[in-house]
Structure formats: C-alpha cells, structure tokens
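Biologist: Please take one part of this model and look at it closely with me. How much space lies in the largest pocket, and what lines it?

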Amino acid sequence: MANRVEYGKIERITGQTFDPVLAFMQAVPAMIAKARNDGWSSAHSYRGFHVAGTAYAINTTDKVAVTESGGNLKRETKGKVCVEKRLDGRLRKSMTDIIGFVVLGTSDQQSIEDVTGLATPTLHLCSDCRQEIPASPIVSPTTLIVHSGLVQDVNQAFTIGQEVGMYARVDKNQVDPLLHDALPDFHDWGARVNTYIKLTGGQEAACAIDLGERQRLAQLALSKTVQS
Ligand SMILES: [Zn+2]
C-alpha cells in the first residue's frame, strides 16, 4: 500500500534539490485522508480502540520517498501492536529515515488519559512507544509527529524528541503547556506550509539547512505558537 515517489528523477528534471520536510508538510492533509481510509480498515482492536496512521519516509541512497498507512492491532490474548510500531517495522526494511508520522486516534480525553496518563486534545505516544519508537534506526529525535482525531480535525504537532522529553518531565510532575496546545482544524494548513517556507528561506535555501533543523522549523510552523 506504499505510495512511492522517485525524487531523484524529480531532482534531475527540475534541477532543484528535493526537500522531504516540505514534501511531508504538503502531504499531511492527504496522509490524514489516507490514514482515515486505509488505516481504519486495517486497524483491529478487540475493544474498539482504533488508531490509524501514515508515515512519510525516504531512502537517501535510492532517492525514493514513500507514504505507508496502517492501523493498530489489539488482540485480547496476544497483546497490542501500536500503529507507530507497525509502520516503523514495515519501513525500516527499505527506508533510511522517517521524516514524519500522522497518527489519528480518539478525541475522547478520558480514553486518552487511560492510555498516556494525561488528558490531552489528541492521543499521544503510549509509554511503550515512547521507549521503542526513538530507538528505531530510521527515527531521529527530530522526526515529526502530527496527532489528530479519527473523526475530529483537532491537531497537534511535535518532534518525537520533544514529545518524549515532555512526557519524561510529566513523570516529574511538570506538565508542559504545549502538551495541551492544539489547533482546531486543518483549514489554515497552507499558511503553516508557507510559514515553514519563510522560516527556511525557500526550497533551495532549505536544502542547505541540516535535516533535523528543518524538522524543528517545521514543528514551529505547524504549532499553535506561530499560528495564533
Ligand atoms: Zn504505542
């Protein structure tokens, strides 16, 4: 179900360097639609707790970008496999870097608190994923994660390192207000992408900036801090 783009060819045709962070940001609304379609149908939870997601990953040697969608697996006897782990497991066979995830779950704050320990506007990484996802060879602390609802468009965007760091501080009774900052919809998505382009100075200038730094600028552009 992976959607494959050979960006090496695009670079040869256009003569411009491909920025996978910009491509990810531009793809987010379609990735959400894809997760809601494909991911929903592949999510299995014996207690009806569905989570769907799409990841955008690149292979820097082959110069290929793919989007991969899926759902979580929650079996009564064999335990759970989160969607983040399923996507990472499939992508690490052929990709070198996950640029970003979109993950869609319940918007019910009580159900969210039951999973993460904190009643937040969107479902964040569970405690297992906070350990295992950063340990993946194709995930970096600056890999982006956009959280939204399966039904509601409320959304939050972090880097993996930022989210894991904030939860480590929650364990010490310090709740970062950013964990509760959410945007209500995707209507201003184009403005957020434009903010990223402004922050990086445009496509060619962006490619001279370290990939991780571009992902940090993308997080800023996607967050409430800059948009409101
Ligand atoms: Zn998890």
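Modeller: On a 1 Å grid over the protein atoms alone, a pocket is an open set of points where a 1.4 Å probe fits, with protein on both sides within 12 Å along at least five of seven lines, and its volume is the space filled by probe spheres set on the points, joined across faces, edges and corners. The model is predicted, so local features need pLDDT of at least 70 and side-chain atom pairs 80 or more, while totals for chains, interfaces and linings use all residues. Residues are numbered from 1 along each chain, and side-chain values use heavy atoms, without hydrogens or water.

The largest pocket holds about 180 Å³ of space, and 16 residues (each with an atom within 4 Å of a point) line it, with Phe49, Val51, Lys74, Cys82 and Val115 lying nearest its centre. Two or more lining residues come from each of strand S5 (73–75), S6, H3 and helix H4 (109–116), where helices (H or I, at least four residues) and strands (E, at least two) are DSSP runs numbered from the N terminus. By class, the lining has nine nonpolar, two polar and five charged residues.

Of these elements, let us follow H3. In H3, which spans residues 83–91, the residues Val83, Glu84, Leu87, Asp88 and Leu91 are buried, that is, under 20% relative accessible area with a 1.4 Å probe, protein chains only. They lie on the same side of H3, because they cover an arc of only 130° around the axis, taken from the directions from the helix axis to the C-beta atoms. The buried residues of H3 pack, with heavy atoms within 4.5 Å, against strands S3 (52–59), S4 (64–71), S6 (79–81) and S7 (97–105), and against helix H5 (127–132).

Notes
Buried means under 20% relative accessible area, exposed over 50%, partly exposed in between (1.4 Å probe, protein chains only). Ala, Val, Leu, Ile, Met, Phe, Trp, Tyr, Cys and Pro count as nonpolar, Asp, Glu, Lys and Arg as charged, and the others, Gly among them, as polar.
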